[in-house]
Amino acid sequence: MNRDQSIFSIHNLSDRPKKLPLTELNLVCTDPWCDLIGGTLITDLYQDVVLDPYQSMWITNKFDRLEK
């Protein structure tokens, strides 16, 4: 209810890899971000991510710190 969590659901529905600049998502730069499906921490909000064919990502700023 306090709206402190954001989740972006990103999907590549094509049969080709797709590059997406994270700057197009309007992520809050003061928050840490993580892909909930792959468990990848996103440390550079100015990078591009490449989605494989039919890949999905759910990116959130509220998550339990992952131990890798």
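Read from the N terminus to the C terminus, the protein chain of this predicted model follows the pattern β-β-β-β-β-β. The chain holds six strands and zero helices.

The overall dimensions were examined next. The C-alpha atoms fill a box of roughly 35 × 25 × 25 Å along the principal axes. The radius of gyration of the protein chain is 12 Å. A compact globule of 68 residues would have a value near 11 Å, so the chain agrees with that expectation. Of the 68 residues, 28% count as buried. The accessible surface comes to about 5,200 Å². Carbon and sulfur atoms account for 50% of that surface. Contacts between residues at least 6 apart in sequence were also analysed. Among these, 71% join residues at least 24 apart.

Four strands form an open sheet in the order S1-S6-S3-S4. The pairing is antiparallel. Strand S1 (7–11) and strand S4 (41–42) are the edge strands, and each pairs on one side only. In general, strands of a sheet pair through backbone hydrogen bonds, in either a parallel or an antiparallel sense. S1 pairs with strand S6 (residues 56–60) in the antiparallel sense, over five bridges. Within this pairing, Phe8 stands opposite Ile59 of S6.

A nonpolar patch lies on the surface. Ile7, Leu36, Ile37 and Trp58 make this patch, which covers about 390 Å². Ile7 falls in S1, given as 7–11, and Trp58 falls in S6, given as residues 56–60. Ile37 lies in the loop between strand S3 (33–35) and S4. The relative accessible area of Ile37 is 53%. Ile37 therefore counts as exposed, since the cut-off for that class is over 50%.

A second loop position was examined. Asp44 lies in the loop between S4 and strand S5 (48–51). Its relative accessibility is 35%. Asp44 is therefore partly exposed, because this value falls between the limits of under 20% for buried and over 50% for exposed. Asp44 and Thr23 are 21 residues apart in sequence. In space, the C-alpha atoms of Asp44 and Thr23 are 10.0 Å apart.

How values were computed: Residues are numbered from 1 along each chain as its sequence is written. This is a predicted model: local features need pLDDT of at least 70, side-chain atom pairs count only at pLDDT 80 or more; totals for chains, interfaces and linings use all residues. Side-chain values use heavy atoms; hydrogens and water are left out. Two strands pair if DSSP finds at least two bridges between them. Helices (H or I, at least four residues) and strands (E, at least two) are DSSP runs, numbered from the N terminus. Patches are made of residues with over 30% relative accessible area and no salt bridge: like charges are joined within 9 Å, nonpolar side chains (Val, Leu, Ile, Met, Phe, Trp, Tyr) within 5 Å. Accessible areas come from the Shrake-Rupley method with a 1.4 Å probe; for residues, only the protein chains shown count as cover. A salt bridge is a side-chain nitrogen of Lys or Arg within 4 Å of a carboxyl oxygen of Asp or Glu. Buried means under 20% relative accessible area, exposed over 50%, partly exposed in between (1.4 Å probe, protein chains only). The radius of gyration is taken over C-alpha atoms; the globule rule is 2.2 Å times the number of residues to the power 0.38. Contact means heavy atoms within 4.5 Å.
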